[in-house]
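Let's walk through this model together, starting with charge pairing and ending with how far to trust the coordinates.

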Amino acid sequence: FRRVLFRSHSAIGLVFIFLAAALWSGYIVLGARLAQRLHGTSALGFGLMVGLVLASPFGLTNAHRILSSPHVLLLGLGVGVLSSAIPYGIDQSVLRRISMRRFAVLQALLPVVATIIGVVALDQRPSGLEAVGIALVVAGVATQDRS
């Protein structure tokens with residue numbers, strides 16, 4: 001039973017991996033096109049609005065708790081600005097200046113940077129399998145065609 005369960009979890013995990021890769025590449029392509037066509041942070045505003053509409057049904061059940069606490073509301077706004085508005089604003093700015101291909105390479109390096117920060121700032125150590133994954137990402141970035 002455990003083998004069957006493990007295999008099914010592995011298959012589901014692979015489906016989610018490929019789905020995440022497809023959505024992330026879609027983000028890069030769509031983000032680059034919007035960054036080239038729209039001025040300023042219009043694309044960012046549009047994207048955040050779409051995210052708000054899609055996520056709202058899941059958060060409406062607890063909205064009264066958040067709206068009744070100014071402290072929690074302020075913290076939520078801070079998280080939104082620091083985790084979405086600023087980073088995605090930077091993405092839009094960069095996508096106007098460099099190619100999608102180069103941006104994808106930079107995005108591929110984010111887990112490596114996060115690992116380095118984890119080691120230095122949080123004393124976290126990647127497992128052997130995680131280190132192999134990081135090495136594969138670095139090798140992929142190093143060997144990508146620059147033409």
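How many salt bridges does the count come to? Just one salt bridge turns up in this predicted model. D123 pairs with R125, and their closest N and O atoms sit 3.0 Å apart. As for the setting, both D123 and R125 are exposed. As background, side chains of opposite charge can pair when their charged atoms come close.

Now for the inside. The largest nonpolar core has five residues: I28, A32, A35, L95 and F103. Helix α1 gives the most to this core, with three residues.

One of the core residues, I28, also has a contact with Q107. Q107 belongs to helix α5, which covers residues 100-108. Is Q107 buried or exposed? Q107 counts as buried because its relative accessible area is 11%, and the cut-off for buried is under 20%.

Here is who touches whom, leaving out residues up to four places away in sequence:

| Residue | Touches |
|---|---|
| Q107 | W24, I28 and D91 |
| I28 | L95, M100, F103, A104 and Q107 |

So I28 shows up with both L95 and F103 among its contacts, and these two are core members as well.

Finally, confidence. The chain has a mean pLDDT of 81, with 91% of its residues at 70 or more. Helix α6 (residues 110-122) has the highest confidence, at a mean of 90, while helix α1 (residues 2-37) has the lowest, at 77. Where pLDDT is low, the predicted coordinates should not be read in detail.

Notes:
Residues are numbered from 1 along each chain as its sequence is written. This is a predicted model: local features need pLDDT of at least 70, side-chain atom pairs count only at pLDDT 80 or more; totals for chains, interfaces and linings use all residues. Side-chain values use heavy atoms; hydrogens and water are left out. pLDDT is the predictor's confidence in each residue, from 0 to 100. Helices (H or I, at least four residues) and strands (E, at least two) are DSSP runs, numbered from the N terminus. Buried means under 20% relative accessible area, exposed over 50%, partly exposed in between (1.4 Å probe, protein chains only). Contact means heavy atoms within 4.5 Å. A nonpolar core is a set of buried Ala, Val, Leu, Ile, Met, Phe, Trp, Tyr and Cys residues joined through side-chain atoms within 4.5 Å. A salt bridge is a side-chain nitrogen of Lys or Arg within 4 Å of a carboxyl oxygen of Asp or Glu.
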